[in-house]
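Student: I have a model open and would like to go through its fold step by step. Can we take it as questions and answers?

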Amino acid sequence: MANPLSAVPSPFLVRMGGRAFFGSCVWDGLGILAMLQAGGTLETSCSCCGERMSIDVRDGRAQPTEGIVQFAIPAKRWWENIVFTWKTMLLFRGEEHIDRWCSQWGQPLGATLAIEQAWRLAAAWYGNKMAPDWRRAGIAETEALLEGLGLGGALWSLRGELRSPVSARVPTRHAGGVRHEAVSLAACGPALSGWLRAVPIHPGRQ
Ligand SMILES: [Zn+2]
């Protein structure tokens, strides 16, 4: 992985002109559009029910604005297991779809963002990543970025003690439906890698 790009197929397909890319999560899908600074479409589906969804980015704006993004894992825990975290940064058709997903996977409600807000986060995070002088932001800089986007509170905090381990249940999804898998947290990385290799993704299928 080279954020926001994924070298393996994922449920987050970005089409830009004649090119296609995979992102590791909904945020990274939007991040590809932000990084390459060109219009395009993120093709994905509701992570609850598999209903096809897409987000168009034109002229620096994301459309439509229907749908809600949820980040289930608190920001300061993202890098405990980034593969698991990516699998929980998802797009949903509405609040009831998020509630159903949380109930299904035993996750508390995470941070929710409107599409436009998620796009602004992607643009702020990845918009300059192709610049020759790009460098990874430090904690203070990242906090300022999040605050500037109105993203505050415990779920966005980057400081403080970690508490219980991240859930061991891993949601997996592929074109056309949801597949349930339960694996130990330690096995998340290999299990998901295997899943990603095995899942048939058909970029050309409509
Ligand atoms: Zn749904």
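The questions below go from the overall make-up to one sheet, the core and single helices.

Student: How many helices and strands does the protein have?
Tutor: This is a predicted model. Of its 206 residues, 33% count as buried. The secondary structure comes to six helices and 11 strands.

Student: What is the strand order in the open sheet of three strands?
Tutor: Strand 8 (89-92) and strand 9 (111-114) are the edge strands, each pairing on one side only. The pairing is antiparallel, and from one strand to the next the twist averages 25 degrees. The order is 8-7-9.

Student: Which residue in strand 8 stands opposite F71?
Tutor: Strand 7 covers residues 68-71. Its pairing with strand 8 is antiparallel and runs over four bridges. The residue opposite F71 is M89.

Student: Which helix packs on the sheet, touching strand 7 and strand 9?
Tutor: The helix in question spans residues 115-126. Its direction makes about 95 degrees with that of strand 9. The name asked for is helix 4.

Student: How many residues are in the largest nonpolar core?
Tutor: Residues with the most contacts inside the core include V26, W27, L30 and W119. Among the elements that each supply at least two of its residues are helix 1 (26-36), strand 5 (52-58) and helix 4. The core has 40 residues.

Student: Leaving aside neighbours within four places in sequence, which residues is W119 in contact with?
Tutor: W119 is one of the residues with the most contacts inside the largest nonpolar core. With its neighbours within four places in sequence left aside, its contacts are L30, V57 and A62.

Student: Why do the buried residues of helix 3 lie on the same side of it?
Tutor: Helix 3 (95-105) has H97, I98 and W101 as its buried residues. They are on the same side of helix 3 because the arc they cover around the axis is only 100 degrees.

Student: Which residues are exposed on the other side of helix 3?
Tutor: The buried residues of helix 3 have a cover that includes strand 7, strand 8 and strand 9. On the other side, the exposed residues are E95, E96 and S103.

Student: What is the count of buried residues in helix 5?
Tutor: Helix 5 spans residues 139-148 and is hardly covered. A residue counts as buried if 20 or more other C-beta atoms lie within 10 Å of its own. Among the 10 residues of helix 5, the count is zero.

Key:
Residues are numbered from 1 along each chain as its sequence is written. This is a predicted model: local features need pLDDT of at least 70, side-chain atom pairs count only at pLDDT 80 or more; totals for chains, interfaces and linings use all residues. Two strands pair if DSSP finds at least two bridges between them. Axes are lines fitted to C-alpha atoms, for helices over the stretch in contact, and angles run from 0 to 180 degrees between N-to-C directions. Two residues are in contact if their C-beta atoms, placed from the backbone, lie within 7 Å. A residue is buried if 20 or more other C-beta atoms lie within 10 Å of its own, exposed if 12 or fewer, and partly exposed in between; C-beta atoms are placed from the backbone. A nonpolar core is a set of buried Ala, Val, Leu, Ile, Met, Phe, Trp, Tyr and Cys residues joined through C-beta atoms within 7 Å. The arc is that of the directions from the helix axis to the C-beta atoms.
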